[in-house]
Each structure stands twice: as structure tokens, then as C-alpha cells.
Amino acid sequence: MNKVAIYVRQSNHSNAAEALEKQKAEVSEYCASKGFEVCDTVGGIGDRLQGFAQFIRMVKDAKEKGVDKIVMKSTNRLVATKEEYTQLKRELAQEGIDLDNLGIEIIAMDGTHNCLQSSVVEDFIFNTNSDE
């Protein structure tokens with residue numbers, strides 16, 4: 001069984017708490033359908049930049065706990081623009097973390113594997129600009 005951590009983030013709006021719980025449930029159900037063992041769920045309500053610190057802490061914890069995968073509903077829960085991606089990579093690098101050589105697979109529920117590696121991001125994120 002693969003050990004996974006779930007990352008969730010919801011924009012701040014009037015139904016944010018409800019939407020965050022729905023997102024957690026959807027990702028948890030996805031993980032169960034794939035036979036993944038969920039060992040941690042991290043995230044919250046706020047903008048993407050606020051989520052970076054949580055994500056970085058999650059990656060560090062995941063490496064220490066032997067987590068195989070990080071699963072999120074969609075890549076835009078973390079980054080949606082080239083600028084956000086560049087900032088996330090810079091902040092991770094300051095912590096000694098390289099997304100392209102992480103050793104933990106990052107999966108979006110649409111089936112995109114290693115969804116934050118540079119080669120995938122160029123095709124997916126740089127052309128997306130939404131904040132669900």
C-alpha cells in the first residue's frame with residue numbers, strides 16, 4: 001500500500017469552510033479508490049501564497065515519514081501561474097528541496113503524476129489562470 005499525504009487549499013469566500021471539507025472528502029475518496037493509505041492531511045483556507053509554507057512543511061514531514069505520494073485535487077490548489085510556480089520553487093530551494101528531484105510523487109486527481117515537475121508545469125500550469 002502506498003503511504004500518501006493530502007494537500008488541500010480553498011480560496012477564502014463565504015462557503016470556504018464547507019468547500020474545504022468537500023475537497024478533503026473528494027481527495028480522500030480518490031485515495032481510497034487507488035488503495036492509498038492516507039497518513040496526513042495538510043492545508044486550509046487562504047490564498048496560494050499562504051499555502052506555500054504549509055506545503056513546504058508537508059514535504060519535509062513526508063520525507064521524514066516515508067510518504068510515497070502527495071495527492072491534491074488539482075495543481076491549481078497550489079500554483080496556477082508561472083510567477084507562483086517560480087516563487088514556490090524558490091522557497092523550496094531555500095529549504096534545500098528540489099521539486100524535480102523530490103523523491104515523492106505529487107499527483108493531481110486528474111491523473112497527472114509528478115504534476116509539479118518543470119516539464120509537466122510548462123504544459124499545464126503556465127496556461128492556466130484560475131482560482132476555484
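Below are legends for close-up views of this predicted model.

**View 1. Helix α1 and its buried side.**
Here we're looking at α1, which runs over residues 16–33. Its 18 residues reach 26 Å from the first C-alpha to the last, close to the 26 Å expected at 1.5 Å a residue. Which residues of α1 are buried? They are A16, L20, Q23, V27, Y30 and C31. Looking down the axis of α1, you'd find these buried residues within an arc of 100°, so they line one face of the helix. As for what they sit against, the buried residues of α1 pack against four strands: β1 (3–10), β2 (37–45), β3 (69–72) and β4 (105–108).

**View 2. The other face of α1, and the residue that follows the helix.**
Turned away from the buried side of α1 is a face carrying the exposed residues A17, E18, K22, E29, A32 and S33. Keep an eye out for G35 too: just after α1, this glycine takes a positive phi of about 80°.

**View 3. Helix α2 and what covers it.**
α2 spans residues 48–65. With 18 residues, α2 reaches 25 Å between its first and last C-alpha, close to the 26 Å expected at 1.5 Å a residue. The buried list for α2 reads R48, G51, F52, F55, I56, M58, V59 and A62. What covers the buried residues of α2? The cover includes the strands β1, β2, β3 and β4, along with helix α3. Just past the end of α2 comes G66, with a positive phi of about 75°.

**View 4. The aromatic pair, Y7 and F55.**
The structure holds one aromatic pair, and this is it. The ring centres of Y7 and F55 are 5.6 Å apart and the ring planes meet at 85°, so the pair is edge-to-face; the cut-off for that label is over 60 degrees. Y7 comes from strand β1 and F55 from helix α2, so the pair ties together parts that are 48 residues apart in sequence. Are the two partners buried or exposed? Y7 has 0% relative accessibility, so this tyrosine counts as buried. F55 is also at 0% relative accessibility, so the phenylalanine counts as buried.

**View 5. Helix α3, one side in and one side out.**
α3 covers residues 82–94, and its 13 residues should span 18 Å at 1.5 Å a residue; the end C-alpha atoms are 18 Å apart, which agrees. Tucked away on this helix are the buried residues E84, Y85, L88 and L92. These four cover an arc of only 100° around the axis, which puts them on the same side of α3. The face turned away from that buried side carries E83, A93 and Q94, which are exposed. Just after α3, look for G96, where phi is positive at about 80°.

**View 6. Strands β3 and β4, with the crossover between them.**
How do β3 and β4 run relative to each other, parallel or antiparallel? They run parallel, joined by four bridges. For one bridge to pick out, take M72, whose partner in β4 is A108. To get from β3 to β4, the chain passes through α3, and this β-α-β crossover is right-handed.

**View 7. Side chains along β4.**
In a regular strand, side chains alternate between the two faces of the sheet. On β4, E105 and I107 point one way, while I106 and A108 point the other way. All of them are buried, whichever way they point.

Definitions and conventions:
Residues are numbered from 1 along each chain as its sequence is written. This is a predicted model: local features need pLDDT of at least 70, side-chain atom pairs count only at pLDDT 80 or more; totals for chains, interfaces and linings use all residues. Side-chain values use heavy atoms; hydrogens and water are left out. Helices (H or I, at least four residues) and strands (E, at least two) are DSSP runs, numbered from the N terminus. The expected span of a helix is 1.5 Å times one less than its number of residues. Buried means under 20% relative accessible area, exposed over 50%, partly exposed in between (1.4 Å probe, protein chains only). The arc is that of the directions from the helix axis to the C-beta atoms. Contact means heavy atoms within 4.5 Å. Two strands pair if DSSP finds at least two bridges between them. A crossover is right-handed if, with the strands pointing away from the viewer, the path from the first strand over the helix to the second runs clockwise. Rings of Phe, Tyr and Trp (its six-membered ring) pair if their centres lie within 6.5 Å; planes under 30 degrees apart count as stacked, over 60 as edge-to-face and the rest as tilted.
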